[in-house]
Amino acid sequence: MPQTLQIITYIEIGIPYIVTVDFDSLIYKKVTLRERHSMAQIRIVATINQTSF
């Protein structure tokens with residue numbers, strides 16, 4: 001499922017925040033946090049264990 005469709009699905013069921021982990025997350029150790037109503041997004045530092053992927 002493309003990422004855009006996943007975000008729309010999360011909005012429809014009422015999840016207030018969405019955390020996105022992508023390939024850049026593994027390199028820069030940051031994830032994207034989106035707020036449901038405004039769709040504002042920020043990149044935040046995260047501890048990522050690459051052996052989990």
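Let's start with one pair of residues: V19 stands opposite L33 in β2. One step along, T20 faces T32, also in β2.

Before going on, a word on what we are looking at. This is a predicted model, where local features need pLDDT of at least 70 and side-chain atom pairs count only at pLDDT 80 or more, while totals for chains, interfaces and linings use all residues. Residues are numbered from 1 along each chain as its sequence is written, and side-chain values use heavy atoms, leaving out hydrogens and water.

Now, the sheet. Three strands make an open sheet, ordered β1-β2-β3, with antiparallel pairing. Its edge strands are β1 (17-20) and β3 (41-45), each pairing on one side only. Strands here are DSSP runs of E with at least two residues, and helices are runs of H or I with at least four, numbered from the N terminus. Two strands pair if DSSP finds at least two bridges between them.

How many bridges join β1 and β2? Four, with β2 covering residues 30-35. Between β2 and β3 there are five, again antiparallel; one of the partnerships is R34 with Q41 in β3. These two strands form a hairpin with five residues between them, and M39 in the turn has a positive phi of about 60°.

Finally, my favourite residue, S25, in helix α2 (residues 23-28). Is S25 buried or exposed? Buried, at a relative accessible area of 0%; the cut-offs are under 20% for buried, over 50% for exposed and partly exposed in between, using a 1.4 Å probe and protein chains only. A polar atom of the S25 side chain lies 2.8 Å from the backbone oxygen of K30. Thanks, everyone!

Methods. Polar contact = N/O pair within 3.5 Å; in protein donor to acceptor, adjacent residues only side chain to side chain.
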